[in-house]
Amino acid sequence: VDCTSDGGKPLCDAQEVRGYPTVMYFNGETGEKGEKYNGGRDTETLKKFTLESLSAKCKVEETSACSEKEIGYIEKMKGDSAESAKQLERLKGMKGNSMAPELKKWLNQRIAILEQVAVPL
């Protein structure tokens, strides 16, 4: 999007783009607001980010895209939908907290799994 054009300015204002070029990404974790990408702009760094952050997510019914850690968590939570619902609410409450990137990633992975297995309270 050309943020200097009349057609692009409203979108850029809504996304709070202040500098150019700005690279943003959107997924289930970022929602409609998206997040600014602050990593390297070289091909290898962009490819690594895409594979780690934007690739297919773990599905409870088709675990081919799941890590061993995610599969273990699925097995642990799959049989108890009431506990899954409690954990989902607890983890969602933690989503805005400050934490290391790896912990945030695992938090989001667990939320994505629980959203598939939990029965609403």
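Is D13 buried, partly exposed or exposed?

**Exercise 1. Classify D13 and describe its ionic partner.**

Solution. The model is predicted, so local features need pLDDT of at least 70 and side-chain atom pairs count only at pLDDT 80 or more, while totals for chains, interfaces and linings use all residues. Residues are numbered from 1 along each chain as its sequence is written, and side-chain values use heavy atoms, with hydrogens and water left out.

Step 1. Apply the accessibility classes: buried is under 20% relative accessible area, exposed is over 50%, and partly exposed is in between (1.4 Å probe, protein chains only). D13 has a relative accessible area of 38% and is therefore partly exposed.

Step 2. Look for a salt bridge, that is, a side-chain nitrogen of Lys or Arg within 4 Å of a carboxyl oxygen of Asp or Glu. D13 forms one with K9, the closest N and O atoms being 3.5 Å apart. K9 is partly exposed at 44%.

Step 3. Place the pair. Helices (H or I, at least four residues) and strands (E, at least two) are DSSP runs, numbered from the N terminus. K9 and D13 are 4 residues apart in helix α1 (residues 9-14), so about one helical turn separates them.

**Exercise 2. Find how many salt bridges the whole structure holds, and locate those outside α1.**

Solution. Step 1. The search of the whole structure gives 3 salt bridges.

Step 2. K33 pairs with E16, with the closest N and O atoms 3.8 Å apart. K33 lies in the loop between β1 (24-25) and β2 (35-36), and E16 in the loop between α1 and β1, so the pair ties together parts 17 residues apart in sequence. K33 is partly exposed at 42%, and E16 is partly exposed at 43%.

Step 3. K92 pairs with E115, the closest N and O atoms being 3.6 Å apart. This pair links distant parts of the chain, with K92 in helix α4 and E115 in helix α5, 23 residues apart. K92 has a relative accessible area of 38% and E115 one of 48%; K92 is partly exposed, as is E115.

**Exercise 3. Give the disulfides, their pattern and their handedness.**

Solution. Step 1. Take as a disulfide a pair of cysteine sulfur atoms within 2.5 Å. The structure holds 2 of them, and the pattern is 1-2, 3-4 when bonded cysteines are counted along the chain.

Step 2. C3 and C12 are bonded, with sulfur atoms 1.8 Å apart. The angle about their S-S bond is -75°, and the link is left-handed. C3 is buried at 10% and C12 is buried at 5%.

Step 3. C58 and C66 are bonded, with sulfur atoms 2.0 Å apart. The torsion about the S-S bond of C58 and C66 is about 90°, so this disulfide is right-handed. C58 is buried at 6%, and C66 is buried at 11%.

**Exercise 4. Describe the largest nonpolar core and the contacts of I74.**

Solution. Step 1. A nonpolar core is a set of buried Ala, Val, Leu, Ile, Met, Phe, Trp, Tyr and Cys residues joined through side-chain atoms within 4.5 Å. The largest has 16 residues, and those with the most contacts inside it are Y73, I74, L91, I113 and L114.

Step 2. Assign elements. α3 (68-78), α4 (81-94) and α5 (101-117) are the elements that give two or more residues to this core. The largest share, 6 residues, comes from α5.

Step 3. List the contacts of I74 (heavy atoms within 4.5 Å). Leaving aside neighbours within four places in sequence, I74 touches C58, V60, T63, C66 and I113.

**Exercise 5. Classify the ring pairs of Y37 with F49 and Y73 with W106.**

Solution. Step 1. Rings of Phe, Tyr and Trp (its six-membered ring) pair if their centres lie within 6.5 Å; planes under 30 degrees apart count as stacked, over 60 as edge-to-face and the rest as tilted. The whole structure has 3 aromatic pairs.

Step 2. The rings of Y37 and F49 have centres 4.7 Å apart and planes at 55°, so the pair is tilted. Both residues, Y37 and F49, are buried. Ring pairs link Y25, Y37 and F49 into a cluster.

Step 3. For Y73 and W106, the ring centres are 5.7 Å apart and the planes are at 75°, so the pair is edge-to-face. Y73 is in helix α3 and W106 in helix α5, 33 residues apart. Y73 is buried at 9%, and W106 is buried at 14%.

Definitions and conventions: Contact means heavy atoms within 4.5 Å.
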